[in-house]
Amino acid sequence: MKKEQKKIEFNPDRRKFLKSVAFLGGAAALSQTGCALVRTGLGPRGQYSEYHLNEPDHQIHSVCLQCHTGCPIRVKIQDGVAVKIDGNPYSPQTMVVHLPYNTPLKVGSKVDGGICPKGQAGIQSLYDPYRVVKVLKRAGKRGENKWQVISFDQAINEIVNGGKLFAHVPGEENRVVPGLKDLYKLRDPKLAKQMAGDAKAVAQGKMSVAAFKQKYARNLDVLIDPDHPDFGPINNQFIFVAGRIEHGRKEFAKRWMKGGFGSINWWEHTTICEQSHHIAFARVTDQYNKGKWSGGKDHMKPDLRHSKFIIFFGTGFAEANFGPPVMSALATDNLIHRGLKFAVVDPRLSKTAGKAWKWLPVKPGGDGALAYGMIRWMLENRAYDERYLRNANKAAAHQDNETTWTNATWLVKIEPDGPGALLRASEIGLGGKDQFVAVHNGRPAAVEPNGKTPVEGDLFYEGTIHGIRVKTAFKLLYDYAMSRSLAEWAEASGIPVQDIIEVAREFASHGKQSVAELYRGPVQHTNGYYNGQAIITLNLLVGNADWKGGLMVGGGHWHEDGSKPGQPFPVTKGLHPGKLTAFGHKLTREKSYYEQSTLFREKGYPAKRPWFPHTGNVYQEIIPSVADGYPYPVKVMFLHKGTPAFAAPGAHKAIETLVDVEKLPLFFACDIVIGETSMYADYLFPDLAIWERWGTPHQTPIAATRGSKVRQPAVESKVEKVTVFGEEMHVCMETIMLAIAEKLGLPGYGENGFGPGMPFKRMEDFYLKMVANIAAGDKPGDAVPDANAEELDIFRKARAHLSKAVFDEAKWRRAVVDASGTDWWKKVVYVLNRGGRYEDYQKYQESGDKVPHKFGKMFNLYVESVALTHHSYTGKRFSGLAVVEPPKAYDGSVVDDTDFPLRLITHKDILGGQSRTLPTDYWLSTIKSENTIWINPRTARELGLKKNDVVRLISATNPDGLWDLKNGQKIPMEGKIYLTEGIRPGTVTVSWHFGHWAYGANDVLVDGQHVEGDPRRRKGLCPNAAMRLDPALKNVCLQDLIGGSASFYDTRVRLVKVGHAEPVSIEV
Amino acid sequence: MEVIQEKTQNGSAASEVDVHRREFLKKLGSGVFASLLMPILFKDNFAALADEALAQVDLPELPEPSPEEDPLVRMMRDLQRALKKPLEQRKWTMVIDLRKCVGCHACTVSCIAENKLPPGVMYRPVIEEEVGEYPNVHRRFIPRPCMQCENPPCTPVCPVNATYKRPDGVVVIDYNRCIGCRYCLTACPYNARTFDWGEYYTEDVGFLGLQPYEQVDTMEYGLDWKRPEGRSPVGNARKCHFCLHRIEKGLLPMCVVSCIGRATFFGDANDPDSLVSELIAQPNVMRLKEELGTRPKVYYLM
């Protein structure tokens, strides 16, 4: 810091301990936390200390969320203050071998697990001096950063009732803002259910619009548009947009939004993360049930403990991914003690790549081509597991000591426009319409995937059966892989032929202990889904699933939602009296086929904006759809812990919509700080931080044993307390929802919210029931032990610093008495004391050559459901097999900005989340104070750039290289270049975390008082505004139309030199 | 320099240590604090009281031994064996396996949190290097704690004998004696010492100002230090002490615990059965700047 100017100050009176801004509760905050900060009585220096931090009554186990890995943590508490965060040793996410679950707390409390620097620095996100602790209402135009403090009740009243809410703002004197009461139109659960069914029938063309209108003549006023019943009710015009929301809060918010308010429009942020990777896995693992493909597993990981070879595509174990603590511990252990070898495919030399056997600096987006190069080599050299692939169903697999199989041998019908549906046995008179066909020794055989008769098939069959032209899925793969020479795949991927061969040979030679692992890198492209599928295909060729060291689904979790037999509280399905059925196409047209809409029947192809039948949570489409009012206009938006105006590619376009009070009449947000997007809100509510609240996040599949994590309040918040349903609580997402539920009388809340005598008035009424479900287990007899007297005592003592608004033992206990009168309290305490429930490592040790929790099903080498889906612009079918494509716009045109010489990618440092943690957690920003633009020295030389030059990023759709905040401020995308050999020439990369203009980086005016932004938080750049906008849509980035991912890596840029800077200290 | 003036003007540097010592002895004698005891960490007190204090330490009960267990648990067992020996028979040693270090900086941050280090004070940075030319490049990460030298160049330069090597080999700083002259900072060939300028991360910042985590007591050397009072360790040299306050409770240094690559090992090199003894016997072991003859007790595996 500014050490030279500052004098050392020894006079305690001059220290401004309580320096604060009173209107935001700073001074009050310290007393509120109840922390006994002794500052008087200057006794001898260095009093003898007791070190209590590893005593069980000074620890609360919870779950981190500085990134989505959500490591189970131990929050250590000193004088009511969270002073240290370590890993929870009961969990497999922070230990190489975790402690047995029944380890007594006095023993477990001494063993700390490892977590990453972001998790450690959680202390500083929690105690962020820019935390919002009271409710703010905008005092100026949207985004002007002028606020007034108002009471929580006033804010809720205004949001519910609407009116001339911003008459104090010039230009809005007469604007009447719609309130939620105007949108809470459809309130009758019976009617909602009936309408939902009929609206779907209308969408599918099974019922006419006229018939629908006739049937519901008296209720048409509840619809957005009676001519399009498939838009759903007016309730849908209230939308809920969450960024980083996780299980626990997800269920809480969905119950409120969908079952309570009756709106279908609920999102989280997944498509700006790595959604196409999930969708690729899900489609490849969907099973055929009653005529439909469904139930796929959307996330699989290598069993790092025993893998012999891993090729990481666009990810690694030491940064980002899911996630570094446990992946690094397992990988390094394997590396040194069991001989793991690994390669990393990434245009940037990541930390993982920096330690790899081979770094493969692929062309951005060339991952699929590289995978196909490897596939070609493996097919040509028969370096695949033929025996595994020949198994056409479960019975055949089991004969070979395999638990999984593929549809490699199944026949695909070859249509004039390409491969189409899988051949059904019924089509050639062999069997039923739910049976498929393989050919064994030249003879077709009916395949029942899970049938008792083993069926093996020929891999290379092609021919015509009953006049139908067919090929096996495997032959299609072979043909495609052979359609380009190895040299051509090498050219397309940017990886030399020799490297492709070496890596393919290495991959094939370790068989079941080889894994092709992927995450964000290959999939945040317009061809992301296909890249993902191509990489997963590598795994299918060696048949590694469920084998130790192979690909695995992970240990999974005990379900918290109460859906399993013997679980006491079915909170998402059963315990919701008066629950509404939300229906209609989502605003983002996800999980909806365009062909099954009234719009399609009116307008046909192309659809105005894309439809996404295979994916969900298409985050980058939300605000552009609000802008276009397509398929219907939106009235009110609730933003929670998300920042679509910052975090998405092309996010700057969202700002134009956010400031438009006509297109978005009411916008309220809930955030722990005034963020880049929440600064545009009409009302900004504080939220509780991770360490102050609840959640039941799910475990990463990298953990081979089962685990159910529980996040719980470890410390009291500074956020103001309010009264809802007669209960005192801190303001947060849940409190806002409860207050609106109380005001509007939403079903499922209040005195009998969960049913007669089962109140839902405090958030613990919900979360503790979920904990009780976890405690009960997934079947009768699966429950955890009771906490004994000692543990109950520790539990209380550890919470002595919490007020009744947070911890009220009587009320907590009341929440876990089930309908039959059974009291689950002692079991709940047992789980809470350990921060969740974790299966012992022994389960893995004893599971033989396979992982303990198996997938045990079929993989789709050929994905029929995608092959039969039509592109909503061109009307053409997608491919059932991964294909290699250049970046494409919505209209199918190739995007090729050749006059911009460099390809832009991004990366995530271990020290930062995407939009959080750095640089606002100062411990982290002392290590990395700003980001830079990585460029290879050869590229820099070609461009005439030198070390520490400051450049601006410009692109075809942002030729000025600016973020226009629409409040008079424009933020240039400028940064220092960093010359490094660790980047592919012709490519530049910028890390996330930096470039903030809010989040404490900017000055704000609250109640007329000026609060300065912190220059430390303003550093670096965020490249999102440079990202290529879709030329056909103009207000959204390029997107993957199958997986839904936003394209972060298909943009070409130019660097414009604007200056020269002092040397950078250290680039990490 | 203000530091020196204040302390010398009052003549307090010595007398306060005495007060402290007297208090301490009183507590010990009373037996009231007996259950709280850990070995006394400061030189003058140490010789007389170490044995008595050690006898009071309750070593934590550990999980049942199992054939496969986390190295962290194994090292805690090692620690307990060492703590049962007299202090001068222990040789606290750290081993860092650079092949396993993933450059995450968790140790750096964990150490800052554990020791409540202010801006400008860092005990364990991680140095990053890029080696090679595209596309044959790799990365190297080198954590750099205090080397706890057998022949520490930093201790002889201290004009007030505030810094010295304990019998178990850990080089410590007596904050009550330290006058903040910073000679030791210059003397250390590893740059392992930094100075506490009395700054805070959150002072005068934002809506809420100075945050509670910066105001609570620091517990280094087993003592409570109240930085906000503007006293020690403000104005002192500061350095890594292997988390002595944890070790002597049977807990591992914080950087060892938080190492997500399990690259950092800790234990007693005088114990042939300890993990660190195994590791430093490996052929790929090295120490930093061995040519200086400092004989570090931090080893690296290459």
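# A tour of chain A, from a cis proline outward

Start with A:Pro606, which sits in the loop between helix 20 (598-603) and helix 21 (622-628) of chain A. The model on screen is predicted. Show the backbone between A:Tyr605 and A:Pro606: the peptide bond joining them is cis, with an omega of about -10 degrees.

Move along to A:Pro631, in the loop between helix 21 and strand 24 (636-640) of chain A. Here too the bond to look at is a cis one, from A:Tyr630 to A:Pro631, with omega near 0 degrees. Most residues other than glycine have a negative phi, and most peptide bonds are trans.

**The mixed sheet**

From that loop, step into strand 24 of chain A and select the sheet to which it belongs. This open sheet has 9 strands in the order 8-7-24-25-26-5-6-41-42 (chain A), and its pairing is mixed. At the edges stand strand 8 (266-267) and strand 42 (1009-1011) of chain A; each has a single partner strand, so one side of each has no neighbour in the sheet.

Work inward from strand 42. Strand 42 of chain A and strand 41 (residues 1004-1006) of chain A are antiparallel and share 3 bridges. To find the register, select A:Val1004, whose bridge partner in strand 42 of chain A is A:Val1011.

Next comes the pair of strand 6 and strand 41 of chain A, which run parallel and are joined by 2 bridges. Which residue of strand 41 of chain A stands opposite A:Lys146? Select A:Leu1005 to see the answer.

Then select strand 5 and strand 6 of chain A, an antiparallel pair with 3 bridges. A:Arg138 has A:Trp147 of strand 6 of chain A as its bridge partner. The loop between strand 5 and strand 6 (146-149) of chain A holds A:Asn145. A:Asn145 is not a glycine, yet its phi is positive, at about 65 degrees.

Stay with this sheet and add helix 5 (residues 152-161) of chain A. Helix 5 lies across strand 5 (136-138), strand 25 (666-671) and strand 26 (683-686) of chain A. Relative to strand 26 of chain A, helix 5 runs at about 135 degrees.

**The parallel sheet**

Now hide the first sheet and show strands 14, 13, 12 and 22 of chain A. These 4 strands form an open sheet in the order 14-13-12-22, with parallel pairing. Strand 14 (358-360) and strand 22 (514-518) of chain A are the edge strands, each pairing on one side only. On average, neighbouring strands of this sheet are turned by 15 degrees against each other, direction ignored.

Inside the sheet, select strand 12 (residues 309-313) and strand 13 (residues 341-345) of chain A, which run parallel and are joined by 5 bridges. A:Phe312 stands opposite A:Val344 of strand 13 of chain A.

**Helix 19 and two partners**

Two packed helices are described by the angle between their axes and the distance between the axes. Select helix 19 (residues 528-542) of chain A together with helix 10 (residues 275-285) of chain A: their axes are 8 Å apart and the packing angle is about 55 degrees. Helix 10 of chain A and helix 19 of chain A are therefore oblique to each other. Their crossing is right-handed. On helix 10 of chain A, the contact residues are A:Ser276, A:His277, A:Ile279, A:Ala280, A:Phe281 and A:Val284. Facing them on helix 19 of chain A are A:Gly528, A:Tyr529, A:Gly532, A:Gln533 and A:Ile536. This contact of helix 10 with helix 19 of chain A counts 6 nonpolar and 5 polar residues, with no charged ones.

Keep helix 19 and swap helix 10 for helix 12 (residues 367-380) of chain A. The packing angle of helix 12 and helix 19 of chain A is about 25 degrees, and the axes lie 8 Å apart. Helix 12 of chain A is therefore roughly parallel to helix 19 of chain A. This crossing is left-handed. Contact residues of helix 12 of chain A include A:Asp367, A:Ala371, A:Ile375 and A:Met378, while those of helix 19 of chain A include A:Tyr530, A:Ala534, A:Leu538 and A:Leu541. By class, the contact of helix 12 with helix 19 of chain A has 10 nonpolar, 3 polar and 1 charged residues.

**Zooming out**

Finish with the whole chain and colour by domain. The domain assignment of chain A gives domain 1 (386-480) and domain 2 (902-1060). The C-alpha centres of domain 1 and domain 2 of chain A are 49 Å apart.

How values were computed
Residues are numbered from 1 along each chain as its sequence is written. Chains are lettered from A and ligands numbered from 1 in the order in which they are written. This is a predicted model: local features need pLDDT of at least 70, side-chain atom pairs count only at pLDDT 80 or more; totals for chains, interfaces and linings use all residues. Domain bounds come from an automatic or database domain assignment. Axes are lines fitted to C-alpha atoms, for helices over the stretch in contact, and angles run from 0 to 180 degrees between N-to-C directions. Angles under 35 degrees count as roughly parallel, over 145 as roughly antiparallel, 65 to 115 as roughly perpendicular and the rest as oblique. A crossing is left-handed if the near helix is turned anticlockwise from the far one by less than a right angle, and right-handed if clockwise. Two residues are in contact if their C-beta atoms, placed from the backbone, lie within 7 Å. Ala, Val, Leu, Ile, Met, Phe, Trp, Tyr, Cys and Pro count as nonpolar, Asp, Glu, Lys and Arg as charged, and the others, Gly among them, as polar. Two strands pair if DSSP finds at least two bridges between them.
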